[in-house]
Structure formats: C-alpha cells, structure tokens
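Student: I've got the sequence and the model open side by side. Can we go through a helix and what sits around it?

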Amino acid sequence: PRLQQLKDGPHPPAEPPPAAMTNLRKVWDAGLIVAAGTDAGNPGVLHGPGIFREVQIMEKAGLTPAEVLRSVTVNGAEALRVEKDLGTVAAGKRADLVILDADPLASSANLSRIYRVVHAGQVLDPDEIVRSLP
C-alpha cells in the first residue's frame, strides 16, 4: 500500500550513465569496498525507498544478488568503520534486522519485500512504521 507508493515514487527515475554501470563491476572486481547508498535528499530521491532503486541498479550493473546484499550489510559497516557492531549477525553485535518474505539471493529486488523489522528488540510492521511518519 503506502510503502509500495513510496518505493515507486511519482516519476520514473533517470538511468545512470553507462560508464558508471561498467565501473561498478570493475571496482568490485578490483577489491574496493562497494557500499550501497542513495542520493536521498536530492530532488526526487526519497530517504528510505531510494535504496531499493539503488540495489536494483547495482544488480543491473553486473553485481550478483549476493554481492548486492553484501554491499548493504557487511560492506556498509566496513565503509563506516562500524563492523565490530554492525553488518553481520553475530554474538555481541547490535541485532537490528530486516526480515524479508522473499530470498534476496534470488534477486536484489527482494530486498524491498520487507515482512518485519526488528529494532532494539522490538518487532515492527513496516506498514505501521510508514503510517506513523509525518
């Protein structure tokens, strides 16, 4: 419902330049840390839902769904230098989780199929989170 409307946005987004698409695969293969991120805050890019488009572009650029998943978890934590607390599920780490209702290794598009969010030990419904926003 409303979560889907936020993900889709009001206008079709522009496509990234071909060189950016080619270079993403090259930098990954070269061993650089690739972390998913968005241009949220720029006109037409919403905070939150912008990440769903970003991961689909990453897969379209040649990253596998597993590599895309790594870019939003492990690599994101490494890029921010917080990997001792975030990025993987392990004893002693913060246990904020996104539970999906589809396999993210089958397609990065499944990262938007959020069933529940676990934050600070509390299980939350994503539609309720969206409805609570101003």
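Student: How far does α2 reach from its first C-alpha to its last?

Tutor: Keep in mind that this is a predicted model. Helix α2 runs over residues 18-29, twelve residues in all. At 1.5 Å a residue you'd expect 16 Å, and the helix comes out close to that. From first C-alpha to last, α2 reaches 17 Å.

Student: Which residues of α2 are buried, and why do they count as being on the same side?

Tutor: The buried ones in α2 are Met21, Leu24 and Trp28. They lie on the same side of α2 because the arc they cover around the axis is only 55 degrees.

Student: And which residues are exposed on the other side of α2?

Tutor: Look across the helix from the buried set, Met21, Leu24 and Trp28. On that other side of α2, the exposed residues are Pro18, Lys26 and Asp29.

Student: Where does valine 27 fit in, then: buried, exposed or partly exposed?

Tutor: Valine 27 is in α2 too. Outside its sequence neighbours up to four places away, it touches Leu32 and Val34. Buried needs under 20% relative accessible area and exposed needs over 50%. Valine 27 has 33% relative accessibility, so the label is partly exposed.

Student: What do the buried residues of α2 pack against?

Tutor: Take Leu24 for a start: beyond four places in sequence, its contacts are Val34, Met58, Ala61 and Leu63. Met58 falls in the 50-60 stretch that is α3. For the buried residues of α2 as a group, the packing partners are α3, α4 (65-72) and α5 (74-79).

Student: Which elements give two or more residues to the largest nonpolar core?

Tutor: That core has eleven residues, including Met21, Leu24 and Trp28. Val55, Ile57 and Met58 are also among its members. The elements giving it two or more residues are α2 and α3.

Student: Moving on to serine 108, is it buried or exposed?

Tutor: Serine 108 is in the loop between β1 (97-100) and β2 (114-119). Its contacts, leaving out neighbours within four places in sequence, are Val55, Gln56, Glu59, Pro65 and Val68. The relative accessible area of serine 108 is 1%, so it is buried.

Student: Which side chain makes a polar contact with the side chain of serine 108?

Tutor: Glu59 is already on the list of residues in contact with serine 108. The polar contact is 2.4 Å, side chain to side chain, and the partner is glutamate 59.

Methods:
Residues numbered from 1 in each chain as written. Predicted model: local features only at pLDDT ≥ 70, side-chain atom pairs only at ≥ 80, totals over all residues. Heavy atoms only, no water. Helix = DSSP H or I, 4+ residues; strand = E, 2+ residues; numbered from the N terminus. Expected span 1.5 Å × (residues − 1). Buried < 20%, exposed > 50% of the residue type's maximum accessible area, 1.4 Å probe, protein only. Arc of directions from axis to C-beta. Contact = heavy atoms within 4.5 Å. Core = buried A, V, L, I, M, F, W, Y, C linked by side-chain atoms within 4.5 Å. Polar contact = N/O pair within 3.5 Å; in protein donor to acceptor, adjacent residues only side chain to side chain.
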